[in-house]
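Work through these exercises with the structure open beside you. Try each task before you read its solution.

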Amino acid sequence: ETNLINQASGSCRVLLDQTDILVGIKVEIGQIEPDNVNDEEDETNLEEDDLSRHNNIVSTEDEDVFGERNKGRIVCNIDCSPSVAKFFEFKKIEEICIEYSQYMNRLLNGKQGGIDLQSLCILKNSTCWIIYIDALVLNYGGNLLDAIFVATRGALQNTRIPKCRVEESQGIFDFEIGDEETEIIEGWREMPVCVTVNKIGNSFILDSTPLEDNCSEARLMVSINRKGQICSVQKDGTGAIEPTLLTEMIRSAQTKGKLILNNLDLVLSNEEKRIENLIECVGFC
Amino acid sequence: MYKSNIVSPEGLRIDGRRPTELRRIQCKTSVFSEADGSAYIQQGNTKCFATVFGPREISRKSTPKQEKAILNVKFSTASFSTGQRKKQQKMDKRLLELASTIKKIFENVIMVGQFPRSEVDISLQILQIDGGTLHVAINATTLALIDAGIPMLDYVLACSAGFVDDQAILDLNITEENADVPTLTLALLPKSGKVAMTGLESRIHLDNLEQVISLATDGCLQLFSFLDNAIRDNVKELAMKSLTKCSQDRWGTLGKVSGVLMEETSHSVTSLDFFDVIYKSDIVRPNGDIRKCLDEYIDPPGFLISDELRKCLAMEASEVYPIFTQEERKEFIFHVFKSLCLGGKICQYEDNISSYLEATKLVYKDLISVRKNAKTGDLEVSSHVFKIYGFNQVSKSPLFPMDHPQNFCYLSIKGVDGKGAKVVDVFYHASDTFYQ
């Protein structure tokens with residue numbers, strides 16, 4: 001369900017069996033940072049089938065043709081509500097939160113994230129919109145990261161940025177933020193979803209429950225976008241994965257990811273209609 | 001925001017409320033399955049979750065064990081809860097202070113003496129702040145503790161009140177709080193009327209203080225009636241859910257039934273010769289012992305088939321099934337025989353078929369009456385047997401509490417054709433989930 005929190009620019013709540021995630025997005029004006037914290041390594045964009053074609057790497061240049069910095073940024077943060085403390089030790093919770101936050105940060109701040117960061121720029125080299133994505137885990141029931149991504153995508157669809165007018169007078173640029181007009185975040189549709197594949201024994205499972213999470217030796221977090229392209233792959237866990245199994249896992253994640261995206265987009269368009277028709281949401285009650 | 005704008009000349013506040021009106025409240029308990037107790041409350045636009053774990057064993061071994069339960073309160077606000085995004089700091093002093101206030105309040109209300117050497121963990125999560133963080137959190141805590149079943153002396157309800165323009169106003173929202181209106185937060189134990197906590201962070205004239213306190217008390221009592229009803233409704237809902245989930249038995253009176261769905265069974269059999277086919281077949285040995293077979297299990301009804309007789313009665317695909325023709329299976333005596341043989345969940349099967357045949361004979365003779373046909377001299381069945389399987393309209397309770405092939409309801413009516421009193425015998429069995 002979207003549009004639950006009035007104070008936030010966009011919000012979405014996802015219930016995946018017992019996993020309960022609430023994502024709130026706030027957009028604020030900030031400085032374009034001189035040091036690029038986000039684009040150190042390129043995340044290569046892999047074409048659908050041919051892995052050997054990766055000499056086609058599109059480098060995520062942060063500067064445009066004139067060497068000016070013109071991108072906004074996205075800051076992700078994941079927090080766990082105290083009811084999650086029942087499942088994990090305190091330190092483990094912190095680790096999980098930091099790891100997932102970093103994963104999302106890396107994914108979304110680049111071409112693979114789908115979101116048009118250049119459209120977030122207000123004044124080159126100085127100000128831009130910063131999108132703060134705050135995910136709150138209200139209850140844990142397995143498969144956290146997938147649910148967080150689904151909720152983030154929903155919240156992005158729901159987010160409205162105030163329209164900004166840039167004026168020039170005597171060579172000095174200034175901007176004015178509109179009060180009423182808002183626009184959507186460009187490129188939210190291209191945002192990928194994550195499919196977590198858990199390796200147990202010699203095979204793998206998708207959408208794990210808490211018990212299955214505990215049993216898994218290794219975990220692969222694969223992000224798939226609308227076109228079926230793999231946007232990022234990260235391996236977690238202490239075990240090792242055989243190469244053949246690895247390809248199988250990624251392929252399986254790819255198929256499932258596209259399915260999830262299609263269904264999610266259907267639900268989100270229904271949500272939009274509900275909001276347009278001013279029907280009240282179920283909310284938390 | 002000027003103070004004079006808080007209450008308009010018509011007596012309405014910014015959000016259209018009257019000065020002594022509470023904001024709209026919505027609440028729900030048992031929102032998280034994993035917690036011992038949980039609650040969600042929304043007053044106006046302030047949204048708060050409370051989760052309670054406990055009483056449970058003390059997790060930190062360093063804590064000295066006391067002869068009463070220890071309360072741990074954790075207070076956190078979401079980063080998107082305020083107008084400006086604020087990254088939550090772990091050691092935020094304001095949050096720690098709020099947590100400690102709540103701890104002090106509830107330490108006196110919860111019967112901590114009943115749980116020595118244990119702890120109760122209360123966690124509060126604020127999703128959206130629109131004024132009144134502390135009092136909404138206190139209300140949420142009360143609900144969650146009740147949901148967890150932790151014994152308390154009384155409810156603890158809290159409300160805020162302020163004073164502006166010579167009027168006391170109730171339940172301030174964030175704009176009113178930010179406009180330097182003196183705000184008094186009050187926590188009340190409704191039954192005894194005692195004040196558990198009170199806090200004022202601004203200047204107010206002593207003459208006006210009494211008015212504000214009484215308004216806040218009034219607000220708390222309003223909250224009490226609302227939340228009490230909400231809790232009772234929630235408990236009823238939980239009870240209904242658990243009742244319908246664990247047992248589908250819906251026994252009850254049928255109420256007035258005006259029409260039944262029925263079919264007449266064939267009842268032409270007058271002797272046990274009907275079952276002679278069994279003796280000729282492979283189902284029984286010459287002395288009447290039933291032949292056993294490998295165990296098979298037919299799942300939806302839950303029949304364990306371990307001998308040939310039951311195979312013949314229940315498994316359509318088996319070779320022994322055609323021993324009885326479809327016509328024969330429609331006979332009432334066959335129904336009786338089949339029901340007795342298949343039995344219920346804890347049926348202990350007989351080894352010899354004679355016991356089943358005896359029982360069938362007794363039941364059958366009891367239910368039907370025979371007479372001699374004047375013309376042929378043969379015995380024939382004079383009663384009519386009807387099988388009831390439903391009603392024309394919806395009855396108060398269903399005919400059978402659950403769906404099962406061993407359900408049956410037969411009405412045997414004697415004396416339909418002749419004169420004299422009609423006698424109706426009911427032969428009814430319903431499987432229920434008790435043995436499931």
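Helices (H or I, at least four residues) and strands (E, at least two) are DSSP runs, numbered from the N terminus. The model is predicted.

**Exercise 1. Place A:Asn125 in chain A and describe its backbone.**

Step 1. Find the neighbouring strands. A:Asn125 sits in the loop between β4 (121-123) and β5 (127-139) of chain A.

Step 2. Read the backbone angle. Phi of A:Asn125 is near 65 degrees, a positive value in a residue other than glycine.

Step 3. Compare with the general rule. Most residues other than glycine have a negative phi, and most peptide bonds are trans.

Step 4. Judge the exposure. The relative accessible area of A:Asn125 is 35%, so the residue is partly exposed.

**Exercise 2. Do likewise for A:Asp207.**

Step 1. A:Asp207 lies in the loop between β9 (203-206) and α3 of chain A.

Step 2. Phi of A:Asp207 is positive, about 55 degrees, although A:Asp207 is not a glycine.

Step 3. A:Asp207 has 43% relative accessibility, so it counts as partly exposed.

**Exercise 3. Describe the peptide bond from B:Gly54 to B:Pro55.**

Step 1. Check omega. For this bond omega is near -5 degrees, and the bond is cis.

Step 2. Locate the proline. B:Pro55 is part of strand β3 of chain B.

**Exercise 4. What surrounds A:Ser216?**

Step 1. Locate the residue. A:Ser216 is in the loop between α3 (210-215) and β10 (218-224) of chain A.

Step 2. Decide whether the residue is buried or exposed. The cut-off for buried is under 20% relative accessible area. A:Ser216 has 14% relative accessibility, so it counts as buried.

Step 3. List the contacts. Not counting residues up to four places away in sequence, A:Ser216 touches A:Asn198, A:Lys199 and A:Ile200.

Step 4. Pick out the polar contact. The side chains of A:Ser216 and A:Asn198 make one, at 3.1 Å.

Step 5. Follow A:Lys199 further. A:Lys199 is linked with A:Glu217 and A:Glu242 in a network of salt bridges.

**Exercise 5. Analyse three salt bridges within the chains: A:Arg219 with A:Asp213, B:Arg56 with B:Asp121, and B:Arg117 with B:Glu67.**

Step 1. Recall the principle. Side chains of opposite charge can pair when their charged atoms come close.

Step 2. Take the pair in chain A. The N to O distance between A:Arg219 and A:Asp213 is 3.8 Å. A:Arg219 is buried, with a relative accessible area of 16%. A:Asp213 is buried too, at 13% relative accessibility.

Step 3. Move to B:Arg56 and B:Asp121. Their side chains meet at 2.6 Å, N to O. This pair links distant parts of the chain, 65 residues apart: B:Arg56 is in strand β3 of chain B, and B:Asp121 is in strand β5 of chain B. B:Arg56 is partly exposed, with a relative accessible area of 33%. B:Asp121 counts as buried, at 13% relative accessibility.

Step 4. Finish with B:Arg117 and B:Glu67. The salt bridge spans 3.0 Å, N to O. B:Arg117 is in the loop between α1 (93-109) and β5 of chain B, and B:Glu67 is in the loop between β3 and β4 of chain B, so the pair ties together parts that are 50 residues apart in sequence. B:Arg117 is partly exposed, at 43% relative accessibility. B:Glu67 is exposed, with a relative accessible area of 56%.

Step 5. Set these pairs in context. Over all chains, the whole structure has 18 salt bridges.

**Exercise 6. Describe the interface of chain B and chain A.**

Step 1. Count the residues. On the chain B side, 32 residues are in contact with 28 residues of chain A.

Step 2. State the area. About 2,600 Å² is buried between the chains, and carbon and sulfur atoms give 59% of this area.

Step 3. Name the main contributors. B:Glu34, B:Phe80 and B:Arg85 supply 30% of the area that chain B buries against chain A, more than any other three residues.

Step 4. Look for charge pairs. One salt bridge crosses the interface. B:Arg85 forms a salt bridge with A:Asp134, and the closest N and O atoms are 2.7 Å apart.

Step 5. Sort the residues of chain B that touch chain A. They divide into 10 nonpolar, 14 polar and eight charged.

Step 6. Check the predictor's scores. The complex has an ipTM of 0.79 and a pTM of 0.69.

Definitions and conventions: Residues numbered from 1 in each chain as written. Chains lettered and ligands numbered in written order. Predicted model: local features only at pLDDT ≥ 70, side-chain atom pairs only at ≥ 80, totals over all residues. Heavy atoms only, no water. Contact = heavy atoms within 4.5 Å. Buried area = accessible area lost by both parts, 1.4 Å probe. Salt bridge = Lys/Arg side-chain N within 4 Å of Asp/Glu carboxyl O. Nonpolar A, V, L, I, M, F, W, Y, C, P; charged D, E, K, R; others polar. Buried < 20%, exposed > 50% of the residue type's maximum accessible area, 1.4 Å probe, protein only. Polar contact = N/O pair within 3.5 Å; in protein donor to acceptor, adjacent residues only side chain to side chain.
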